[in-house]
Amino acid sequence: MAKTKGLILVNTGDGKGKTTAAFGTLFRALGRDWKCAVVRFIKGKWQTGEGMMAERIPELEFHTCGRGFTWESDNLDKDKETAQEGWEKAKKFINDPSFQLIILDELTYTINYNFLDKEDVLETLRNKPENQHIIITGRDCPPEIIDMADLVTEMKMVKHPYEKGIMAQKGIEF
Ligand code: ATP
Ligand code: MG
């Protein structure tokens with residue numbers, strides 16, 4: 001077997017579980033006393049359970065930088081600016097080799113909407129510290145990131161309670 005190395009992991013696809021799988025890995029990493037950072041690029045309307053839990057973990061860098069969903073947005077320039085602020089934070093963590101796990105939650109949207117410069121993102125990922133792991137989540141992951149990644153999982157929707165009219169619930173969705 002080859003030596004271990006820091007991975008780029010991608011959770012993509014239309015099914016539920018992309019963000020929660022990333023947070024499962026975070027739980028595991030925190031248990032190992034790893035230095036971890038989370039940057040979320042979309043902020044929903046609701047306070048999230050994971051955000052509330054993060055407040056109880058002082059050693060975790062947890063930042064939410066999005067402004068809600070683009071299809072609800074009334075100000076795309078402001079969305080772009082907010083995404084870029086998030087990306088500058090993310091870059092700071094990525095460029096610091098002491099961070100062992102970084103989650104870039106919903107990063108794919110910011111690239112697909114051209115809020116961030118794709119080349120800058122690719123270049124930063126390409127030059128990440130050797131032993132650092134980065135998890136990227138979001139639907140429609142750009143093919144260049146899929147190519148670069150070491151592990152890609154596509155969540156496939158088989159059933160979702162939303163189809164039966166069951167709304168998002170605390171503890172399960174947020
Ligand atoms: P989670 O945060 O629960 O792991 P996710 O990160 O895979 O979900 P996102 O694309 O970020 O999914 O969407 C977040 C919200 O959309 C979640 O509340 C999730 O339950 C819901 N969702 C995900 N997939 C579907 C689907 N196929 N139909 C309806 N709602 C969905
Ligand atoms: Mg998600």
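Trainee: How should I read the surface position of Asp33, and is Asp33 buried or exposed?

Mentor: The general idea is a relative accessible area, where buried means under 20%, exposed over 50% and partly exposed in between, with a 1.4 Å probe and protein chains only. Here Asp33 is exposed, with a relative accessible area of 69%. Keep in mind that this is a predicted model, in which local features need pLDDT of at least 70 and side-chain atom pairs count only at pLDDT 80 or more, while totals for chains, interfaces and linings use all residues. Residues are numbered from 1 along each chain as its sequence is written, chains are lettered from A and ligands numbered from 1 in the order in which they are written, and side-chain values use heavy atoms, with hydrogens and water left out.

Trainee: Where in the chain is Asp33 found, and what is the sign of its phi angle?

Mentor: To name places along the chain we use DSSP runs, numbered from the N terminus, where a helix (H or I) has at least four residues and a strand (E) at least two. Asp33 is in the loop between H1 and S2, and its phi is near 60°, which is a positive value in a residue other than glycine. You can read Asp140 in a similar way, since its phi is near 50°, again positive in a residue that is not glycine. Asp140 sits in the loop between S5 and helix H6 (143-148), and at 56% relative accessibility it counts as exposed.

Trainee: Where is Asp150 found, and how far is its C-alpha atom from that of Val38?

Mentor: Asp150 belongs to the loop between H6 and strand S6 (151-155), and it counts as partly exposed, at 41% relative accessibility. Its C-alpha atom is separated by 19 Å from that of Val38, although the two residues are 112 residues apart along the chain.

Trainee: How do I read the surroundings of a ligand, and which residues are closest to ligand 1?

Mentor: A residue is taken as near a molecule if one of its heavy atoms lies within 4 Å of it. Around ligand 1 there are 14 such residues, and the closest are Lys16, Lys18, Thr19, Thr20 and Glu173. The largest share of this shell, three residues, comes from helix H1 (residues 18-31). Sorted by class, the shell has three nonpolar, five polar and six charged residues, where Ala, Val, Leu, Ile, Met, Phe, Trp, Tyr, Cys and Pro count as nonpolar, Asp, Glu, Lys and Arg as charged, and the others, Gly among them, as polar.

Trainee: Which residues place polar atoms at short range from oxygen atoms of ligand 1?

Mentor: Look for polar contacts, which are pairs of N or O atoms within 3.5 Å. A polar backbone atom of Gly15 is 3.3 Å from an oxygen atom of ligand 1, an N or O atom in the side chain of Thr19 is 2.8 Å from one, and a polar side-chain atom of Glu106 lies 2.9 Å from one. Taken alone, ligand 1 exposes 580 Å², of which the protein buries 79%, these areas coming from the Shrake-Rupley method with a 1.4 Å probe.

Trainee: What are the protein donors of the magnesium ion, ligand 2?

Mentor: Donors are N, O and S atoms within 2.8 Å of the metal (3.2 Å for Na, K and Ca), and water is not among the atoms, so sites may look incomplete. For the magnesium ion the protein donors are Thr19, through OG1, and Glu106, through OE, lying 2.0 to 2.1 Å from it. Thr19 lies in helix H1 and Glu106 in the loop between strand S4 (101-105) and helix H4 (107-112), so the pair ties together parts that are 87 residues apart in sequence. Both of these residues, Thr19 and Glu106, are buried.

Trainee: How do I read the largest nonpolar core, and which element gives the most to it?

Mentor: A nonpolar core is a set of buried Ala, Val, Leu, Ile, Met, Phe, Trp, Tyr and Cys residues joined through side-chain atoms within 4.5 Å. The largest one has 26 residues, and those touching the most other members are Trp87, Ile102, Leu104, Leu107, Val121, Ile136 and Ile145. Elements giving two or more residues include strand S1 (8-13), strand S2 (36-40) and helix H3 (76-94), and H3 gives the most, with five residues.

Note on methods
Polar contact = N/O pair within 3.5 Å; in protein donor to acceptor, adjacent residues only side chain to side chain.
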